[in-house]
Amino acid sequence: MVIMGQCYYNKTIGFFYNNSGKELSFHWRPKDVVVVALGLTVSVLVLLTNLLVIAAIASNRRFHQPIYYLLGNLAAADLFAGVAYLFLMFHTGPRTARLSLQGWFVRQGLLDTSLTASVATLLAIAVERHRSVMAMQLHSRLPRSRVVLLIVGVWVAALGLGLLPAHSWHCVCALDKCSRMAPLLSRSYLAVWALSSLLVFLLMVAVYTHIFFYVRRRVQRMAEHVSCHPRYRETTLSLVKTVVIILGAFVVCWTPGQVVLLLDGLDCKSCNVLAVEKYFLLLAEANSLVNAVVYSCRDAEMRRTFRRLLCCLCLRRSTHKSARYTPSARTGASTSIMLPENGHPLMDSTL
């Protein structure tokens, strides 16, 4: 018998799932296998791509600029999201029933913290780009201390929103307020999280729209004085493409999840949110992979750094293998290898 106002910390996960009407499986269903297989694939790709982005930013001094610090923080947040989702994949399906309440809150908190940090960093990148464009600078001249404070603020907000449910914003003591998608969380938490993400998106739309119209006006004025209409059209189209990719990726990956979270948070009983929640969460996690492509891989210098790192890794492996099979090779001689993308020779010691 459920008594309103009473806390149920001594109950099992199954108790809360039954209360919310969410099915708790005790054996592996085809749906569970598909979700885990896709989730593990996405998680591994997220980890590898974002590790590569972090390594590129750390190894190339040209990236030691505020915008690249924020890109590095975005990669770190997405890397954390990959770890959190990997943890979820190893604690989902029939394994969910074996979780303690604390274990369930840890699983959920990791996801909430990492995804919040990723979304907040996307907004910070938009603001930094806006400052740079308005100041007619290639990169913002924000002091490093301010960038560090901005990054710390992102993680404080993410940790606060991710840890709050485990301490107070849950429904362990108010079963009538439990959500269906996350049976231990209050519906109000889901609604606030969804509305916060929607607010971030609207702010990003406003910022990038202002950047677009500002740059278009300036390029158009330049085109009136210089005969460079083809370049004007090329610049405008490139800017439109960039804005569409950035906002489009966010909409495609985040909007479905935000909609079902909001519907569940508003207690829409006729909405079958449980039928699609796992796939929409996977789509939101895929945004951590898309971010690396949209924000980093489209940078020509970043791509050159990627190739250099991967070439160095391959050459180091081949050198290690050849050393194993040719023990009589001469030592002390340095070989110069020319990389075609930048033309700078690299010595063996750097490979």
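How many disulfides does the chain hold, if a disulfide is a pair of cysteine sulfur atoms within 2.5 Å? The count comes to three disulfides. The model is predicted, so that local features need pLDDT of at least 70 and side-chain atom pairs count only at pLDDT 80 or more, while totals for chains, interfaces and linings use all residues. Residues are numbered from 1 along each chain as its sequence is written, and side-chain values use heavy atoms, with hydrogens and water left out.

**View 1. The elements of the chain.** Nine helices and two strands are present (DSSP runs numbered from the N terminus, with helices being H or I of at least four residues and strands E of at least two), and from the N terminus on they run α-α-α-α-α-α-α-α-α-β-β. Of the 351 residues in the chain, 43% are buried (under 20% relative accessible area, with exposed over 50% and partly exposed in between; 1.4 Å probe, protein chains only).

**View 2. The disulfide of Cys7 and Cys173.** The sulfur atoms of Cys7 and Cys173 lie 1.9 Å apart, and the link is right-handed, with 110° about the S-S bond. This pair links distant parts of the chain, 166 residues apart, with Cys7 in the segment before helix H1 (13-20) and Cys173 in the loop between H5 and helix H6 (187-225). Both ends are partly exposed, Cys7 at 35% relative accessibility and Cys173 at 24%.

**View 3. The other disulfides and Cys312.** Cys171 and Cys178 form a disulfide with sulfur atoms 2.0 Å apart, right-handed with 105° about the S-S bond; Cys171 is buried at 0% relative accessibility, and Cys178 is buried at 8%. In the disulfide of Cys268 and Cys271 the sulfur atoms are 1.9 Å apart, and the torsion about the S-S bond is about 60°, so the link is right-handed. Cys268 and Cys271 are both buried. With bonded cysteines counted along the chain, the disulfides follow the pattern 1-3, 2-4, 5-6. Cys312 is in no disulfide, and the nearest cysteine sulfur, that of Cys311, is 7.0 Å away; Cys312 is buried at 10% relative accessibility, whereas Cys311 is partly exposed at 30%.

**View 4. Aromatic pairs.** A search of the whole structure finds ten aromatic pairs (rings of Phe, Tyr and Trp, the last by its six-membered ring, with centres within 6.5 Å; planes under 30 degrees apart count as stacked, over 60 as edge-to-face and the rest as tilted). Among them, Phe80 and Trp155 form a tilted pair, 6.1 Å centre to centre with 35° between the planes. Phe80 lies in helix H3 (residues 66-89) and Trp155 in helix H5 (residues 144-167), so the pair ties together parts that are 75 residues apart in sequence. Phe80 is partly exposed, at 23% relative accessibility. The ring centres of Trp104 and Phe105 are 5.6 Å apart and their planes stand at 85°, so this pair is edge-to-face, and both residues are buried. Trp193, Phe201, Phe250 and Trp254 form one aromatic cluster.

**View 5. Helices H2 and H3.** Helix H2 (residues 30-59) has 30 residues and reaches 44 Å from its first C-alpha to its last, close to the 44 Å expected at 1.5 Å a residue (the expected span being 1.5 Å times one less than the number of residues). Buried residues in H2 include Asp32, Gly39, Ser43 and Asn50. H3 has 24 residues and reaches 34 Å between its first and last C-alpha, close to the 34 Å expected; 18 of the 24 residues are buried, so H3 is largely enclosed by the rest of the structure.

Note on methods
Disulfide = S-S within 2.5 Å.
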